[in-house]
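Welcome to a short set of exercises on reading a protein model. Keep the structure open beside you, try each task, and then follow the solution step by step.

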Amino acid sequence: MMSTHPPCPQCDSLYVYHDQNQLLCPECGYEWNPEELLAQESIIVSDANGTALAEGDKVTVVKDLKVKGSSMVIKVGTKAWIRRILDKKDHELDCKVDGVGEMMVTARFVKKACG
Ligand SMILES: [Zn+2]
């Protein structure tokens, strides 16, 4: 029998089954509401100009940013790519920054790049 449910977010098990409004994983015991999970995925963050950002967007840094724990500074105009958006007050963008690598960046310190 093929399951039409998404895999378990906890352990990726495919043997997920439905129980009323919840989905249940028999392998790790995780229970969740698929609609809540959906709601969590639509986090809206805006850049310096108020433009909504999405995962996969290319952005440009609009303010010199100090790299935590080092003397490095990310200069204005540095390009970055958004890998993930997290539900946080700041440092909500998990970015791949040109010349730096993976870093958490605050959305209001970047702007969406065109093209
Ligand atoms: Zn599981």
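**Exercise 1. Overall shape**

What radius of gyration does the protein chain have, and what would a compact globule of 115 residues have?

Solution.
- Before you start, note that this is a predicted model.
- Begin with the reference: for a compact globule of 115 residues, the radius of gyration would be near 13 Å.
- Now turn to the protein chain, which has 18 Å.
- Next, look at the C-alpha trace: along its principal axes, the protein chain spans about 55 × 30 × 25 Å.
- The domain assignment gives domain 1 (1-42) and domain 2 (45-112).
- The C-alpha centres of domain 1 and domain 2 are 32 Å apart.
- Finish with burial: 17% of the 115 residues in the protein chain are buried.

**Exercise 2. Listing the elements**

How many helices and strands are there in the protein chain, and in what order do they run?

Solution.
- Count by type: the protein chain has one helix and 12 strands.
- Then walk from the N terminus, which gives β-β-β-α-β-β-β-β-β-β-β-β-β.

**Exercise 3. The sheet of three strands**

In what order do the strands E1, E2 and E3 lie in their open sheet?

Solution.
- The order is E1-E2-E3, and the pairing is antiparallel.
- Find the edges: E1 and strand E3 (31-32) are the edge strands, each pairing on one side only.
- Zoom in on one pair: E1 and E2 run antiparallel and are joined by three bridges.
- For an example of partners, take Tyr17, whose bridge partner in E2 is Leu24.
- In the loop between E1 and strand E2 (22-24) you will find Gln20.
- Gln20 is not a glycine, yet its phi is positive, at about 55°.
- Gln20 is also exposed, with 7 other C-beta atoms within 10 Å.
- Asp12 is not a glycine either, and has a positive phi of about 65°.
- Look for Asp12 in the segment before strand E1 (17-19).
- Because Asp12 has 12 C-beta neighbours inside 10 Å, it counts as exposed.

**Exercise 4. The sheet of five strands**

Why is one side of strand E11 and of E12 left without a neighbour in the sheet?

Solution.
- Write down the order of this open sheet of five strands, E11-E10-E9-E6-E12, with antiparallel pairing.
- Strand E11 (101-105) and E12 stand at the edges with a single partner strand each, so one side of each has no neighbour in the sheet.
- On average, neighbouring strands of this sheet are turned by 40° against each other, direction ignored.
- Now check the pairs: E6 is joined to strand E9 (residues 79-85) by three bridges, and Thr60 has Lys79 as its bridge partner in E9.
- E6 also pairs with strand E12 (residues 110-112), again antiparallel and over three bridges; here Val59 stands opposite Lys112.
- E9 and E10 run antiparallel too, joined by five bridges, and the partner of Ile82 in E10 is Cys95.

**Exercise 5. Two faces of one strand**

Which side chains of strand E6 (residues 58-61) point to one face, and which to the other?

Solution.
- Follow the strand residue by residue: the side chains alternate.
- Val59 and Val61 point to one face and are buried.
- Lys58 and Thr60 point to the other face and are not buried.

**Exercise 6. The nonpolar core**

Which residues have the most contacts inside the largest nonpolar core?

Solution.
- This core has 15 residues, and those with the most contacts inside it are Leu53, Ala80, Ile82, Leu93, Cys95, Val105 and Val110.
- Among the elements that supply residues to this core, E6, E9 and strand E10 (93-97) each give at least two.
- Take Ile82 as an example: leaving out residues up to four places away in sequence, Ile82 touches Leu53, Glu55, Gly56, Asp57, Val59, Leu93 and Cys95.

**Exercise 7. One residue in E10**

Which residues is Asp94 in contact with, leaving aside its neighbours within four places in sequence?

Solution.
- Locate Asp94 in strand E10.
- Its contacts are Arg83, Arg84, Leu86 and Met104.
- Asp94 has 15 C-beta neighbours inside 10 Å, so it counts as partly exposed.
- Finally, compare positions: Asp94 and Tyr15 are 79 residues apart along the chain, and their C-alpha atoms are separated by 31 Å.

Terms used. Residues numbered from 1 in each chain as written. Predicted model: local features only at pLDDT ≥ 70, side-chain atom pairs only at ≥ 80, totals over all residues. Domains from an automatic or database assignment. Buried ≥ 20, exposed ≤ 12 C-beta atoms within 10 Å, placed from the backbone. Helix = DSSP H or I, 4+ residues; strand = E, 2+ residues; numbered from the N terminus. Pairing = 2+ DSSP bridges. Rg over C-alpha atoms; globule rule 2.2 N^0.38 Å. Core = buried A, V, L, I, M, F, W, Y, C linked by C-beta atoms within 7 Å. Contact = placed C-beta atoms within 7 Å. Axes fitted to C-alpha atoms, helices over the stretch in contact; angles between N-to-C directions.
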